[in-house]
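Here is a quick tour of a structure, going from the overall fold down to one helix and the site around a ligand. Have a look at the model first, then read on.

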Amino acid sequence: MSEESTLILVKPDGVKSGHIGDVITRLENRRYTITALKVIQATPELLQAHYAQLVDKPFYPGIEAFMMETPMVAIVATGVDVINSFRKMVGPTKPEDAMPGTIRGDFGRAWGTQPIKNVVHSSDSPESAAREIKIWFPEL
Ligand SMILES: Nc1ncnc2c1ncn2[C@@H]1O[C@H](COP(=O)(O)OP(=O)(O)OP(=O)(O)O)[C@@H](O)[C@H]1O
């Protein structure tokens with residue numbers, strides 16, 4: 001397996017509940033390299049690009065409003081198998097389904113909310129990672 005990069009967003013619920021540091025610590029504990037990091041206020045344009053496959057869903061307006069509640073922390077993390085490994089560290093979409101020890105299981109306290117509030121986003125494939133890094137870090 002070779003080195004790859006993934007795009008991580010600490011979402012507004014993770015920022016508000018004070019888990020930016022926890023997400024960074026878990027990346028560092030696994031010896032992933034943080035190759036880019038910034039605080040960024042999402043816009044409708046950024047979110048419609050990021051969630052292109054969800055914009056037609058009935059719950060999309062709720063996602064857009066939620067993702068603009070506070071600035072987020074955007075991170076590019078690099079390492080061997082980081083895309084799949086970090087997805088495992090994050091856990092499933094709904095925090096109530098996520099095991100203790102995962103980021104969503106440990107820090108996703110907004111159970112049962114609409115839209116689903118689940119602390120972080122992370123890319124799900126090399127293609128998604130390349131696409132999402134361009135959206136959030138066009139300067140790279
Ligand atoms: N049925 C739903 N109702 C409400 N919100 C949803 C629903 N499905 C997804 N969402 C919201 O949209 C986001 C993106 O959905 P997706 O299916 O890509 O899940 P994910 O890959 O686990 O999450 P993310 O892409 O944020 O890492 C979810 O994280 C959640 O905030």
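## Overall fold

In the protein, 71% of the contacts with a separation of 6 or more are between residues 24 or more positions apart. Keep in mind that this is a predicted model.

Seven helices and four strands make up the element list, and from the N terminus on they run β-α-α-β-α-α-β-α-α-β-α. How does the radius of gyration sit with a compact globule? For 140 residues, such a globule would have a value near 14 Å, and the protein has 14 Å, so the two agree. Along the principal axes, the C-alpha atoms fill a box of roughly 40 × 35 × 25 Å. Of the 140 residues, 34% are buried.

## What the record says

UniProt, in an unreviewed entry, annotates residues 3–140 as "domain: Nucleoside diphosphate kinase-like". Over that stretch the chain is 40% helix and 20% strand, with the end C-alpha atoms 17 Å apart.

## Helix α7

Now for α7, which spans residues 126–136. Which of its residues are buried? Ala 129, Glu 132 and Trp 136 are. They sit on the same side of α7, because they cover an arc of only 75° around the axis. The spacing makes sense: an α-helix has 3.6 residues a turn, so residues three or four places apart point the same way.

Flip to the face turned away from that buried side and you find the exposed residues Glu 127 and Lys 134. As for what covers the buried residues of α7, the list includes three strands and two helices by name: β1 (3–10), β2 (33–40) and β3 (72–80), plus α3 (44–50) and α5 (82–90).

## Around the ligand

Which residues surround the ligand? The shell has Phe 59, Ile 63, Thr 93, Gln 114, Pro 115, Ile 116, Asn 118, His 121, Ser 122 and Asp 124. By type, that shell splits into four nonpolar, five polar and one charged.

His 121 deserves its own look: the unreviewed UniProt entry puts the feature "active site" there. His 121 lies in strand β4, residues 120–122. Is His 121 buried or exposed? His 121 is buried, because 20 other C-beta atoms lie within 10 Å, and 20 or more is what it takes to count as buried. Leaving out residues up to four places away in sequence, His 121 touches Ile 8, Leu 9 and Lys 11.

Technical notes. Residues numbered from 1 in each chain as written. Predicted model: local features only at pLDDT ≥ 70, side-chain atom pairs only at ≥ 80, totals over all residues. Buried ≥ 20, exposed ≤ 12 C-beta atoms within 10 Å, placed from the backbone. Arc of directions from axis to C-beta. Contact = placed C-beta atoms within 7 Å. Near = placed C-beta within 6 Å. Nonpolar A, V, L, I, M, F, W, Y, C, P; charged D, E, K, R; others polar. UniProt positions renumbered as here; feature names shortened; annotations may be inferred. Rg over C-alpha atoms; globule rule 2.2 N^0.38 Å.
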